[in-house]
Structure formats: structure tokens, C-alpha cells
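Let's take a walk through a protein model together, going from the overall fold down to single residues. Please have your viewer ready.

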Amino acid sequence: MTKWGGGGNAFCEILDRNNIENLIYMGYSTQMCLLYRNVGIIPMWQKYNYDIYVIPEATAAVLSQDESKNIQMRNDICVMLSQEGIADIIQFEDIISYFD
């Protein structure tokens, strides 16, 4: 049985075919793109049961013209995801030190 149950999600089909169970999210707007899109954090965790990881410093929140508010929003979202058991946080420094 596949994680996605054959429901027509082409992305999940590719992940399943390649035995991918861990997803790392980065590079998009935290609250707009990463959370609730069809392949976003919440559906991929809740509906398809993938293990989710987020690199906060590699995402951005788009809230206001005040960058400090955006950073705080991004951090708050990532903390909430971690506290709720939805995603584990990967620190940017850990990624960098891994490749050193």
C-alpha cells in the first residue's frame, strides 16, 4: 500500500516510487506556500504521513515591509510546527557544518 493511497497525487506517486519518506521544506513563503498547498507541510504530514523537516532560515514569511516582523512570523510558525509534532527543525548551521 502506498502512503498516498493512489488518490491521483502525482507528487506522492513519485515520492512513493522512489521510497522517499522524509521531506525537507525550504525556499518559499512559510505561511503562504509551505503550510497548506496540496504538497505543503500540513497535507503531506496529515493526509499522507510523511516525516517533515523545515529549515527556518531557508524560508521567509511575507507579512509586512518590516523584515524583523517577517522573521519573527517565520520563527513563530516553525516553532508551532515543531511544538505540535508536525515538523522537526533543521538548523541552518547544522546543514553548513555537515558540508564543511
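The paragraphs below go from the whole chain to its strands, its largest pocket and a few loop residues.

A word on the ground rules comes before the tour. This is a predicted model, in which local features need pLDDT of at least 70, side-chain atom pairs count only at pLDDT 80 or more, and totals for chains, interfaces and linings use all residues. Residues are numbered from 1 along each chain as its sequence is written, and side-chain values use heavy atoms, with hydrogens and water left out.

Let's begin with the whole chain. The protein has five helices and three strands; here helices (H or I, at least four residues) and strands (E, at least two) are DSSP runs, numbered from the N terminus. Their order along the sequence is α-β-α-α-β-α-β-α. Taken along the principal axes, the C-alpha atoms fill a box of roughly 45 × 35 × 20 Å. Of the 100 residues, 31% count as buried, where buried means under 20% relative accessible area, exposed means over 50%, and partly exposed lies in between, using a 1.4 Å probe and protein chains only. If you count contacts (heavy atoms within 4.5 Å), residues 24 or more positions apart account for 65% of those with a separation of 6 or more.

Now for the strands. Two strands are taken to pair if DSSP finds at least two bridges between them. Strand β1 (residues 22-25) runs parallel to β2, with four bridges between them, and β2 in turn pairs in the parallel sense with strand β3 (residues 87-89) over three bridges. You can trace the register residue by residue: N22 has D51 in β2 as its bridge partner, I24 stands opposite Y53 in β2, and Y53 stands opposite D88 in β3. From β2 the chain passes through helix α4 (residues 67-83) to reach β3, and this β-α-β crossover is right-handed. That label applies if, with the strands pointing away from the viewer, the path from the first strand over the helix to the second runs clockwise.

Which way do the side chains point? In a regular strand the side chains alternate between the two faces of the sheet. Along β1, L23 and Y25 point to one face and are buried, while N22 and I24 point to the other and are not. Strand β2 (residues 51-54) also alternates: I52 and V54 are buried on one face, whereas D51 and Y53 point to the other and are not buried.

Next comes the empty space. Rolling a probe the size of a water molecule over the atoms shows where empty space is left. On a 1 Å grid over the protein atoms alone, a cavity is a set of points where a 1.4 Å probe fits but cannot get out, while a pocket is an open set with protein on both sides within 12 Å along at least five of seven lines; lining residues have an atom within 4 Å of a point. The largest pocket has a volume of about 160 Å³. Its lining includes F11, C33, R37, V39 and G40. Strand β1 gives the most to this lining, with three residues, and both β1 and α2 (30-34) supply at least two residues each. By class, the lining has nine nonpolar residues, one polar and one charged.

Finally, let's visit some single residues. In the loop between β2 and α4 you will find T59. T59 is buried, with a relative accessible area of 6%. Leaving aside residues up to four places away in sequence, T59 touches Y25, M26, G27, Y28, T30, L34, V54 and R74. Q65 is found in the loop between β2 and α4, but Q65 counts as exposed at 86% relative accessibility.

Two asparagines are worth a look for their backbone angles. Most residues other than glycine have a negative phi, and most peptide bonds are trans. N19, in the loop between α1 (10-17) and β1, has a positive phi of about 55 degrees although it is not a glycine. N49, in the loop between α3 (41-46) and β2, has a positive phi of about 65 degrees. N19 is exposed at 67% relative accessible area, and N49 is exposed at 53%.

Note on methods: Points joined across faces, edges and corners; volume = space filled by probe spheres on them. Nonpolar A, V, L, I, M, F, W, Y, C, P; charged D, E, K, R; others polar.
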